[in-house]
Amino acid sequence: MHIFISYRRDDSGIAARLLHRELTARWGAAAVFMDIDDIGYGDDFAAVIDQRLARADVVLVVLGPRWHSIIEQRQRGDDWVRHEVVQALALASAANAANAANAASAAGASGASGAPAAPGVRPGRPRVLPIQLDGCDWPGAALPPDMAALQRLAALKLRQAQLKPDLNELLQALQRESFEDRLRREAGEVRTGWRARAAALGLGLLLFFAAWLALFDLLTLDTRVAAATVAWAGAPVADGPSDVVLVAIDETTVAAVGKPFGPAWRSEHAQLVARAAQAGARLLAFDVFMPSAGDAAADAALQQALQAVQGRLPVVLAVDAYAADRPAIAAAFAPLVLPGLGCTGQRLGRAALLPLVLQPPAAAGAAPAPLLPSLALAAFNGGAPLGRPDVVALQLQVARSAPALPVLVDFYTSETVRVPQANCPALQPGAVLASQWLDPLPFLAGHHGVPRLAYQDVLAGQPAAMAALAGRTVLVGLQLRGDDQFALAAAGGTLVWGSALIAAQIDALQRGRAVRPLGALASWLWMTALAVAGATLALALRPRPAWQRRAAWAAAALLLVAAALLWYRLDSQVVAAHHLLLALALGGMAAAWLARRASPAGALPRWPLPSTTGEQR
């Protein structure tokens, strides 16, 4: 509210100062204009007065004992008080005309009465309120014509003997409600506030169950928001050198070996096994499927190499299917290697969805089948025992052969396979797959991630290549053009090989990094808290102008999104910002609806008018 005090310094200065003090105590100094305080040296006196009159919601005209006589004395000279009153009455007259025009337009009237208000006219503002002091006779009909409208306005008295009740009556008039009405309104607002917050608690619980049942992901909304979080938050650079090295088989390797890649390469794999053991590698993993026997001589060479490194170098072999309820590995190699599920995938080109552990479906009446670790997990723990996945905490207890300490590995989702997967037959209907959602960017080449060696350099025993294998987990993978590639948006849309993703997953496991969702309890608490915050914000903003309400809601939404991105950057935990935004919005909508029911639109509080007119005073 903006209040303009019009007074004469030599007639009602003390009373005007008292009014200014009382009003600023309630509405603040910026809301109350008094020329002696609010016009600075060098300011254009007339311009400031006109500007503040145009902004005023209420103009208080303080009538002292000599107010009318000074009007008469200065009819032919400059009189700024008269200018203020005339300007205020003109603005009020235009506002009343605008009100009548709006009412006529709403009722379907036509013609001049239905015309829109003139530019700059604020319907209903300002109100001109005369304040009659002790010893002041009402001006009567002797007022100049341009001030005659003042005679028709009901005036309030400010009497020295009844100063406190008169001030209270003035405050009630300015607030357009009595103190009794205000108490009833505030009590109703308290009840509405409690009801709104109770409704917000229920909404928070409903939203949590909707998120738990993945209803928001029917249109991949959860996936898209989480992927955007991973992409927008920016991946931290991997700290320190990687303990994983990727030995790549590409077109140059095929040309160097001199034959197409296939089962006949098992003799070359045998040489690589020997080289890795000679270099002192910690573990060797092949992202290559060997489900059945191939060339007899090549198979025999690889079998002999695997037997030679038993007890010195664990070897993991990728599988993508089962045969006779066992991982599909050729019989000659099965007793000598560790199986690891070699399937990869991705979600919306943002982050790679990689398996962590698979629980195959059990036959009717049979004991649960052994857990099958992913290729990355088998390379990480070297075949040590695995605990059962905790699908509530989304964690898996993993033992490691070196060092011999159990660790908890986070995963992002656990789901039951519903339909057969053509690209990975091991994912049979009824199998339960726990998957990690990997942000591979920190671990890919160019981000101080996993180093890459050429397969042929290791075969040749080049000193630099042999030194790079020492003490590291070695992954052998294909990087042949068009084979097992993903267009990963997190890496700038470039094609990324599946073997690089698996190497990045091994590296992330060793560093203890994984993209994690917000836990169930934390999600419920945040959704409930944001729903209650939305209800509280809506109630607090209700008396504010529309632009302030919109700005506050936009700021709250931006703050939530920024907090979600920062939280991911700091802790690699995805906060579903759209869940929180929806909770905030629904809490606000519930509060607004309850407030409208408690105080219907258009029902303005009434304030008491004096029972007599100004002329009779």
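**Exercise 1.** Starting from Asp507, determine whether this residue is buried or exposed, and find which residue its side chain meets in a salt bridge.

*Solution.* At 1% relative accessibility, Asp507 counts as buried, where buried means under 20% relative accessible area, exposed over 50%, and partly exposed in between, with a 1.4 Å probe and protein chains only. This is a predicted model, in which local features need pLDDT of at least 70 and side-chain atom pairs count only at pLDDT 80 or more, while totals for chains, interfaces and linings use all residues. Residues are numbered from 1 along each chain as its sequence is written, and side-chain values use heavy atoms, with hydrogens and water left out. The partner of Asp507 is Arg511, at 2.4 Å from N to O; a salt bridge is a side-chain nitrogen of Lys or Arg within 4 Å of a carboxyl oxygen of Asp or Glu. Arg511 is partly exposed at 23%, and both residues lie in helix 15 (residues 498-511), 4 residues apart, about one turn of the helix. Helices (H or I, at least four residues) and strands (E, at least two) are DSSP runs, numbered from the N terminus.

**Exercise 2.** Establish which elements hold the salt-bridge partners Asp79 and Arg8.

*Solution.* The two side chains meet at 2.8 Å, N to O. Asp79 belongs to the loop between helix 4 (67-73) and helix 5 (80-106), and Arg8 to the loop between strand 1 (3-6) and helix 1 (9-27), so that this pair links distant parts of the chain, 71 residues apart. Asp79 is buried at 8% relative accessibility, and Arg8 is likewise buried at 2%.
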